[in-house]
Amino acid sequence: MQRLSDATRDALSGLHPIIVANRGPVAWQAPDSAHPEIGSIVENEGGGVVVAMRAVAQATNAHWIATASTPADGVMAGLAARGSIGPDAASQFNMVFAQPTPAQYNDFYNVIANPLLWFIQHYLWDVPHEPNLGDDTERAWRDGYTAVNRQVADLAISTAAGDKRPPLVMFQDYHYYLAPKMVRAAIPNAVIQHFIHIPWPDPGYWEILPRSMRQGIVDGLLGNDIVGFQTNRDVRNFLRSCEETMGYRVVDGKVIHPGGVTAVNAYPISLDLDAFAKFASDPMTQQHLAALQVGRPEKLIVRVDRMDLSKNIVRGFIAYERMLEAHPEIRGHVQFYSFLQRTRTDVAQYQGYMQRIEREVARINGRAELRGPNGELPIRFEVGQDIRKATAAYMDYDVLVVNAVRDGMNLIAKEGPLVNRRNGVLVLSEGVGAHEELGEFALSVNPFNVDETARAMFAGLTMPPLERQRRVTEMQRVVTTNHLGTWIDKQAADINLAAKVRGHRRPGPDISL
Ligand code: G6P
């Protein structure tokens, strides 16, 4: 687990940290759904947000406000409310749950956050045909998204009231764009910070949303002292949204608005190096590694992803198919191992995409001429979620494919090179945040260009060993230099400045927020 530096501890000291994220750091696992009360608490593996904030929560004894979305979460919420969340978890996390009704949560998560906001922020709408917005969208916005934001804001306000220290509220991601302004209205001197883990698109693309919604989003976010993004491009786009959508002035990277001043900065997220080293040496990971060797051809191409439309999984398979078509000599000597996770299964677009992926795999594996001399299948396809299994795949690839159309950061692009044992090559989309740091050491591809991606896969498979080694060493240097601790340190330093501006610190010479 990432330890916090002394500087960060000092920077955060005296404040009462409250993390607000849609998901919590732990989840309730019922061994038997008929008897959920005899289940157990397990670490929530899903997504970079949880992994990153878990370290902050544990080190600072923060409160963590999450939204209960399933019956299992409901069990957790009940335990948390009684202060009995379980021996391990209780000592590590102070959980507080918002409990929207199923209808509110559905409007919040399945109608507005995913797909509407997620699709806008990853440029996923097929605009000649979708989306079709209407009164239903307005209703879901009001009764779902706004209502859940109100609930978490109220919880943040009541949680803050239970502690003498001034609150530091740390919002995470696109689920809670409206809540910062609500908290600011109730606690004017709170230190409020928001990190957005996904891209912020060009203001023109935001115009898919009705004006009132996009203004509400920007206005809600400007309740923060600091808004953080993954990349400089996201920062630039957000500042333009403030100017163009709201007509506010931007001076020196800060937005001047009627409620005050909001700083906007890039903090590229990275890995918890200790946690990852543990996964790599875990006996279960070794077992998965051994299983991967069974039937493993000479070369392995790997992808690990949620089955999200932004990840560009289908084009990845088409590119691989084209590579096999162009290079009959490698058929049977290479396999594409794809370990994919089901995600957001109640959203129609995701259901369709998962089916499309499975059809594409069946089609390519069905082409007898692309198989090896002994009938070896071109693609090895597994669905599941298991960080140790994913780590085994990272350790064993010759080429890792990260060809997302857009991605805030994409931690897989960092996890793979960190633990890979074969001097594997990274094929990396220009559209992901990690490209700002790793692009020059990867094989960059335009994610829409399947032939370019096919050539990059082949170039990766055939690259001379010294060149592979040079590139992976550079990537490891980047990832171990800018790790999760660095991400936290940079934000903590800026939080400290914000705390000074809000009068929670003795004034010093460096008040410049
Ligand atoms: C991305 C988002 C996270 C989200 C994760 C998993 O990484 O930035 O906020 O938690 O995807 O998605 P889910 O909808 O399952 O939480």
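The following legends describe close-up views of a predicted model, covering the ligand site and the surroundings of Thr67.

**View 1. Residues forming the shell around the ligand in the predicted model.** The ligand is surrounded by Arg23, Val49, Tyr109, Trp118, Asp173, His175, His197, Ile198, Arg306 and Arg344. Sorted by class, this shell comprises four nonpolar, two polar and four charged residues.

**View 2. Polar atom pairs between the ligand and the side chains of Arg23, Tyr109 and Asp173.** An N or O atom in the side chain of Tyr109 is 2.4 Å from an oxygen atom of the ligand. For the side chain of Arg23, the separation between such an atom and a ligand oxygen is 2.5 Å. In the case of Asp173, a ligand oxygen and a side-chain N or O atom are 2.6 Å apart. Taken on its own, the ligand has 380 Å² of accessible area, of which the protein covers 86%.

**View 3. Thr67 in strand S4.** Strand S4 spans residues 63-67 and includes Thr67. Thr67 is classed as buried because its relative accessibility is 2%, below the 20% cut-off.

**View 4. Contacts of Thr67, including the polar contact with Tyr176.** The side chains of Thr67 and Tyr176 are joined by a polar contact of 2.4 Å. When neighbours within four places in sequence are set aside, the residues in contact with Thr67 are Ala21, Asn22, Asp73, Phe97, Ala98, Pro100, Tyr105, Val148, Val152 and Tyr176.

Terms used
Residues numbered from 1 in each chain as written. Predicted model: local features only at pLDDT ≥ 70, side-chain atom pairs only at ≥ 80, totals over all residues. Heavy atoms only, no water. Near = heavy atom within 4 Å. Polar contact = N/O pair within 3.5 Å; in protein donor to acceptor, adjacent residues only side chain to side chain. Areas by Shrake-Rupley, 256 points an atom, 1.4 Å probe, with all protein chains shown as cover. Nonpolar A, V, L, I, M, F, W, Y, C, P; charged D, E, K, R; others polar. Helix = DSSP H or I, 4+ residues; strand = E, 2+ residues; numbered from the N terminus. Buried < 20%, exposed > 50% of the residue type's maximum accessible area, 1.4 Å probe, protein only. Contact = heavy atoms within 4.5 Å.
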